[in-house]
Amino acid sequence: MKKLSIFLVLASLLMTSCLKDGFNDFNALNYPMSFHGDVSPTLGVPIGSASTTIFDMLQMVQISYAKMEVDSRGILTIVYDTAMPWHINLENSNAKKGGGAKSDIVHTARNSFEGSVAIDLFDNMTFLDTTHIEIDSLLVYFRAYVQAQADDSTIAKMEKYHVHVYYDSLYINVIGHDNLLYHIYPSANDVLDSIPIDDLINGQYITLFNNTDISEAINNRPKEIRYGARMNIAFEAAFFAASISENDFVADSIGITAIDIDGNIKVRFPVSAYIDNLHYETDIAFEPSFRLDDLIIDSSMIYIDCQNGIPLSLLVGAQFIDANDVVLCDILDPTPTIVEGADVALNPATNLYTATTPRQTLVQVPITKSVFESLLKTKKIRLIAGLNTSSTGDPLHNRVSIQGDDKLDLRVWAKLKPSYTLDIEMGGSKSTQNGQKGGAR
């Protein structure tokens, strides 16, 4: 209908031109007439809008092992959570014996246990020589449910022979992305209080690490956190009243045949940080659901209107990549494009700097002939982003906190210049009734 209206206007102009020379010229309209040519109108076409939260953005970083939580302050927290069971069989135990810490302890049966949790937060991030990160905290919480397999008389026997159970030699180590081991929290001398006998028999949660802060490890880009402890069964002098082996004494005389430990470790990362020049790169498969070679585009531009309510500035680049992993072209103008982070201010309720006013950035994606030709060969799109936290204006307190409801609003629209080839027959008694031919190229 739009093309038909254009042609009606053109027809009116032709008629006006003929009538200026008199009515006799009107007879010319009895003969076949046609209009040929190319037009290239400029169209503004809304494509859509979207709102992406910080949760969505973190999924782009492919942190598949983690879950997102919001703490009591409203701050986004990345949580790695895993569980691991241990079974200590005292009937066939390899427990190590050794002197106890107290003078009245004669022998101690020791069983160490350890585990690990994988951290994939930094897998696609590149730490440059100029990269610097500061965080408020990276917290490790570990508790274990402990229960002994014992007979009904065990409590009385343990009290009789002055046997008690406790943990020591707690540690946390970090494996960085350089595959080196960093000793973060070695504490061989730390000893937890003895587990009450009733709790040992009936089952009890024992907290080994209570939100221990290992934020010093952040610039090593942790990819694995290892942890461990040692369980001790301590025997006082009353034990030697029985002339039997230590493990036999535990299993046969006391009646404890095994101890089960169900450990649960959480690594919590409240996103309250200062980030400078952190880079991220990922490839996105390009699998269009239509035939690209069916499209012929003269010159177009796609605009992405960004309203960034997240206190992170993004330095964004994007490239078309072919099947041989060769870069065909950049697709942002300019490259890279800066998407400014939200303005921040100190929240007096939490004493944290959080986002206040979103910042607007207009990103341009020109679909030129060369870009379009590259698009035909594209197998994936490579996204390259640099991250910097918004400035607080306070050099002594430069960390910003990301809230669970921080988001990036996007509005996408296109400025298109499609070409049309026109072949329109109009007027005259011998003209056809088809009205118009041709169409968009």
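Q: Why does R359 count as partly exposed?
A: In this predicted model, R359 has a relative accessibility of 32%. Buried would need a value under 20% and exposed one over 50%, so 32% falls in between and R359 is partly exposed.

Q: What makes R359 and D343 a salt bridge?
A: Their closest N and O atoms are 3.1 Å apart. The cut-off is 4 Å between a side-chain nitrogen of Lys or Arg and a carboxyl oxygen of Asp or Glu, so this Arg and Asp pair qualifies. The two partners come from distant parts of the chain, 16 residues apart: R359 is in strand β21 (residues 359-367), while D343 is in the loop between β18 (337-339) and β19 (344-347).

Q: Which class of exposure does D343 fall into?
A: D343 is partly exposed, with 32% relative accessibility.

Q: Which residues do salt bridges that share partners join into one network?
A: K67, E69, D81 and R268 are the residues joined in this way. Across the protein, the salt-bridge rule gives a count of 12.

Q: How do you know that D168 and R230 form a salt bridge?
A: Their side chains meet with an N to O distance of 2.9 Å. That lies within the 4 Å limit, so the pair passes. D168 sits in strand β9 (residues 163-176) and R230 in strand β12 (residues 222-236), so the bridge ties together parts that are 62 residues apart in sequence.

Q: Is D168 buried or exposed?
A: D168 is buried: its relative accessibility is 6%, and the limit for that label is under 20%. Its partner R230 has a relative accessible area of 21%, so R230 is over that limit and counts as partly exposed.

Q: What makes E224 and R226 a salt bridge?
A: The side chains of E224 and R226 meet at 3.4 Å, N to O, and the rule asks for a distance within 4 Å. R226 is partly exposed, at 36% relative accessibility.

Q: How many aromatic pairs does the rule find?
A: The count comes to 7 aromatic pairs. One of them is F142 with Y227, whose ring centres lie 4.8 Å apart and whose planes meet at 55°.

Q: Why is the pair of F142 and Y227 called tilted?
A: The centres, at 4.8 Å, are within the 6.5 Å limit, so the rings do pair. Stacked would need planes under 30 degrees apart and edge-to-face planes over 60, so an angle of 55° leaves the tilted class. The pair also links distant parts of the chain, with F142 in strand β8 (residues 139-150) and Y227 in strand β12, 85 residues apart. Both residues are buried, and both belong to one aromatic cluster together with W86, F113, Y167, Y185 and F209.

Q: What is the order of the strands in the open sheet of 5 strands?
A: The order is β3-β4-β13-β8-β11, and the pairing is antiparallel.

Q: What makes β3 and β11 edge strands?
A: β3 (67-70) and β11 (204-213) each pair on one side only. From one strand of the sheet to the next, the twist averages 25°.

Q: How do you know that β3 pairs with β4?
A: Two strands pair if there are at least two bridges between them, and β3 is joined to strand β4 (residues 76-89) by 4 bridges, running antiparallel. Among the partners, M68 stands opposite I78 and K67 is matched with V79. In the hairpin of these two strands, which has 5 residues between them, G74 takes a positive phi near 85°.

Q: What joins β4 to β13?
A: There are 13 bridges between β4 and strand β13 (residues 256-270), again in the antiparallel sense. This is over the minimum of two, so the strands count as paired. Among the facing residues, I88 is opposite I259 and H87 has D260 as its bridge partner.

Q: Over how many bridges do β8 and β13 pair?
A: β8 and β13 pair over 12 bridges, antiparallel. Here Q147 stands opposite D260 of β13, and D260 is also the bridge partner of H87.

How values were computed: Residues numbered from 1 in each chain as written. Predicted model: local features only at pLDDT ≥ 70, side-chain atom pairs only at ≥ 80, totals over all residues. Heavy atoms only, no water. Buried < 20%, exposed > 50% of the residue type's maximum accessible area, 1.4 Å probe, protein only. Axes fitted to C-alpha atoms, helices over the stretch in contact; angles between N-to-C directions. Phe/Tyr/Trp six-rings, centres within 6.5 Å; stacked < 30°, edge-to-face > 60°.
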